[in-house]
Amino acid sequence: MQFPILSVIVFTPILAAILIFLIPGERKSEIRVVALAAATIALGLSVWAYFSYDVSVGGYQFVEKYPWLPMIGISYHVGIDGMNAPLVLLTGVVMFTGVLISWGIDDRPREFFAFLFILATGVFGVFVTLDLFMLFFFYEIAVFPMYLLISIWGWKETREYAAMKLTLYLFIGSVISLVGALAMYFSSGLGTFDMLELEKAGFSLGFQQLWFPFVFFGFAVLGGIFPFHNWSPDGHVAAPTAVSMFHAGVLMKLGAFAALRVGIMLLPDGARTWLPWVLLLTLVNVVYGAYIASVQTDFKYVIGFSSVSHMGLVIMGFATLSGDGLLGAGVQMFSHGVMTALFFAVVGMVYDQAHTREIPRLGGFRKIMPLVGVAFIVGGLVSMGMPGFSGFIAEFPIFMGVWQAQPWVAIVAAISIVVTASYIMRIIGRVFFGSLPDEYHGHVRDVTALDKVALVVLSAILVGLGVFPALMVPLVESGVQNILRLLGGA
Amino acid sequence: MEFVSNYLLSLILFTPVLAALVVFLLPRDQETLIKWISFILSFIPLLFTLYLWFNFNVNQPGFQYQENVVWYAPLNSDYHLGVDGISLTMILLTTLLTPLAILASFSIKDQVKTYMCLFFLLEMGMLGVFLSLDLLLFFVFWEFGLIPMYFLINQWGSEKGEREIWGGRKIPARTYASFKFMIYTMAGSLGLLLAIQVIGVVAGTFDIPELYQSWNSLTGKLFGLPVTTVKSIAFWAFAIAFAIKVPVWPFHTWLPDAHTEAPTAGSMILAGVLLKLGAYGFLRLVLPLYPEQAKYYAGALGLLAVLSIVLGAYASYGQTDFKRLVAYSSVNHMGFVVLGIAAAAFATDTVNANLALNGAVLQMFNHGLSAAGMFFLVGVIYERTHTRNLDGYGGLFPLIPVFGGILIFTSMGSLGLPGLGGFISEFLVVRGSWPVFTWYTVISMLGLLFTGAYILKGLKKVLHGPMNEKWVGHLSEISAREIFVITPLMLLMLSIGIWPAWILNVINRAVEMMF
């Protein structure tokens, strides 16, 4: 029997969470070591799975399938293809770096790491599952710990408001999708939740047009689509650093990916009807999100809104329904995940030292923490879509796809590039260059070695992918072929 | 040796990156060591370039030393490099100016290591633009070069000076200038990016030699518009992006700020090479990809070029800041490059076009030499006097005669004195465009009067007139290191002025075969 690599990836975090709960709360360093060990295993296995995926064969690989509730057709069915393999790797990377960055958490680290790992299991599960029911199951596992993580360890000013807002938005979104999913289950007549079966159900056009918006928008809420995006900046800002990294880096991809997997891939004809409208909404995301980001004075809100803008590009790529657009969206999910994790890590490191995130009150941090400055610049250049970094590799094909769908949308969306450049340059100039305000002299220190490891890992991925797109592109492309097949030729 | 000749262009392109890595690994506080290692390493790309120069076959049409590896497969974008006579000249200019600029930077005291690393990355970015034969790769390097330049201005720029921005808040002038440089160029590149995307979608390839064929033979409708309309829009998207970089009036306003605030070596490279990227874009992409549009709009482009020449010279004359005076002179001189390009676009396949293009390419090279030299000399005098105000000098010739002599020589090169390089290239441009755009040429030659006026004004204010007593005894003569920087530039100016054939031969064959 083949080694069940995906199941091990999915369940390592939750097993670690249980182990961590068994350790007495005051033995903090042991808790951290267990957490780091589990994160390293998950990262190692996801790297292994990523690189041993055989592009020349394609399709779903490392598949495992066991009946779970056979009488109603639910099975534990997992597998990866070109679309979700990068996302599994992304989750591994963010989990690993998130643990490194959270090393210094002193307030109940046991519960913190345990909840974080339950969240990770949920995220891994959603990405690899091929069963519609299990997808919802893992989805809720991912959303619930988020509430606790934000409301307990978050920023005191807004954490309760933000946690409640986030949870309500996401639960309502998932319920709406669930209704759509159940409609699919019953009308298919196949008596199964297996998505590979449902793909072949051949739903009628009217059915698809009716239910597509339920499924798609329900999940797209988590992807931050306008006008349902405003839970996300609040949530990002209120969350503690590692949770923000998870939240913006991975969780938003969960929404986008599920919208693609369940919405577009199961209801392709519905997608064709609705996606021109989605394209318009995402255009608002892209341009308006960038604009709002540029007028924020809170460092973390800038990054929060920049995620809205960049996730808009992901869904815009989906909405083109073209090979280029989907390819770009797939790469952008990974690239944005790593980039935004890096951003939130940097914001957290600056905040830990300065105890403020007001941009006008910061300055000169490059002198104190040079590596953090460099990391932010790398992230910033990715965010601007600067060639030579992964953002360009991702955004260029998205734009190519948009040209094929709606040329004028590409022209308008391109404005966001200059707006993004202006706010990124402003932050680099204000926060990292300039002179260090007097109040910080002697009070601020450089970051720890573990933090530096995390920053270097994240930055290296962004540069590596930008210079060698072949590290990811053929893989994603094989996944895109599968989607195009479901969309019917093209 | 086989390895070297097979991967020669990659070696030229990436040895600066290796140099940056080596420098990066040196200890931070060993500043002298860092400077010397950087200087020595910067000769490696130059040596490879010289090897390329002497092994280059001028009579072989098309691109030589090509390398072609798949880079971004789904988009059909390849890592495709190659040189012809035009790019070869520009590569020589780049790899030649970089060691000189690094030597000129020996007076840098702040964060030497980062500075040198950025400089090598800048060199790679510029070389990449000249070497790329893939549109996407071209764009990658085109944008990438911005990053190091931004930081060079932002961090090592002039420490004095403030600019008031809206809201009445004051920010350091170098912050203002670097931000303006970045946003201006990025905004210009936006149209270029969109146009490249259109080309990619329509043609399905980014390979430049292939596009020369397929993009030109396109007919029918695109996006519901006639092909010619789409091409006209794309032409202007390209033209504006490159016009900003050149810069052509009225897109030049970033340049005086960026030049004035940049550190000396940064200005040398900015004026010497970076401006050439824009002109090179016209030659490599705009003329071959849009011959009809270029011909149709050549009049407009020529008019802008004339305005650059005349107004650039006029503005230069009006400056009181020595560095700003030299900065505006770039607008003036690059105007001739664009005039030559416009004339060639209008009179395709004639001897006039050929002469104008020869002049334009040679002018790019010459302006690279003279502008780099002028900025260097401004830096030399600034380091001693800590002022750039022309009224603050006065009668310095007797105090620093060697510097004075060099300044006069370089200024004359910039002026276009017969016997020095600038004369040959400007004469070729004028000769080529006279039958094509007679009135434009007449007006731009009248503009040369202003050129003479501002150069002489600069010389007079610095070297002649009543001696400013303040400097007596406080001013040291130009040092041996500084003379070493300027000597190669002066020698090249002289050699092109006396015997232009050694370089014109390379340029001419390329121009004949290309257009």
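Two strands pair if DSSP finds at least two bridges between them. Keep that in mind for the first stop on this tour of a predicted model.

**Stop 1: a hairpin in chain A.** Select residues 61-69 and 74-80 of chain A, which are strands β1 and β2; they pair in the antiparallel sense over 6 bridges. To see one bridge, click on A:Leu69 and then on its partner in β2(A), A:Ile74. Now look at the turn: β1(A) and β2(A) form a hairpin with 4 residues between them. One residue to pick out in this turn is A:Gly73, with a positive phi of about 75°.

**Stop 2: helix α19 of chain A.** Select residues 473-486. How far apart are the end C-alpha atoms of this helix? They are 20 Å apart, and this agrees with expectation because 14 residues at 1.5 Å a residue should span 20 Å. Next, color the buried residues of α19(A), among them A:Val473, A:Leu475, A:Val476 and A:Ile483. What do they pack against? Show α3 (85-101), α10 (241-266) and α13 (323-354) of chain A, and add β1 (64-72) of chain B. Just past the helix, find A:Gly488, where phi is positive, near 85°.

**Stop 3: where the chains meet.** Show both chains: 25 residues of chain B are in contact with 26 residues of chain A. On the chain B side, β1, α7 (135-144), α8 (146-156) and α9 (173-203) each give two or more residues. Select α9(B) to see the largest share, 13 residues. Finally, color this side of chain B by residue type, and you will find 20 nonpolar, 4 polar and 1 charged.

Key
Residues numbered from 1 in each chain as written. Chains lettered and ligands numbered in written order. Predicted model: local features only at pLDDT ≥ 70, side-chain atom pairs only at ≥ 80, totals over all residues. Expected span 1.5 Å × (residues − 1). Buried ≥ 20, exposed ≤ 12 C-beta atoms within 10 Å, placed from the backbone. Contact = placed C-beta atoms within 7 Å. Nonpolar A, V, L, I, M, F, W, Y, C, P; charged D, E, K, R; others polar.
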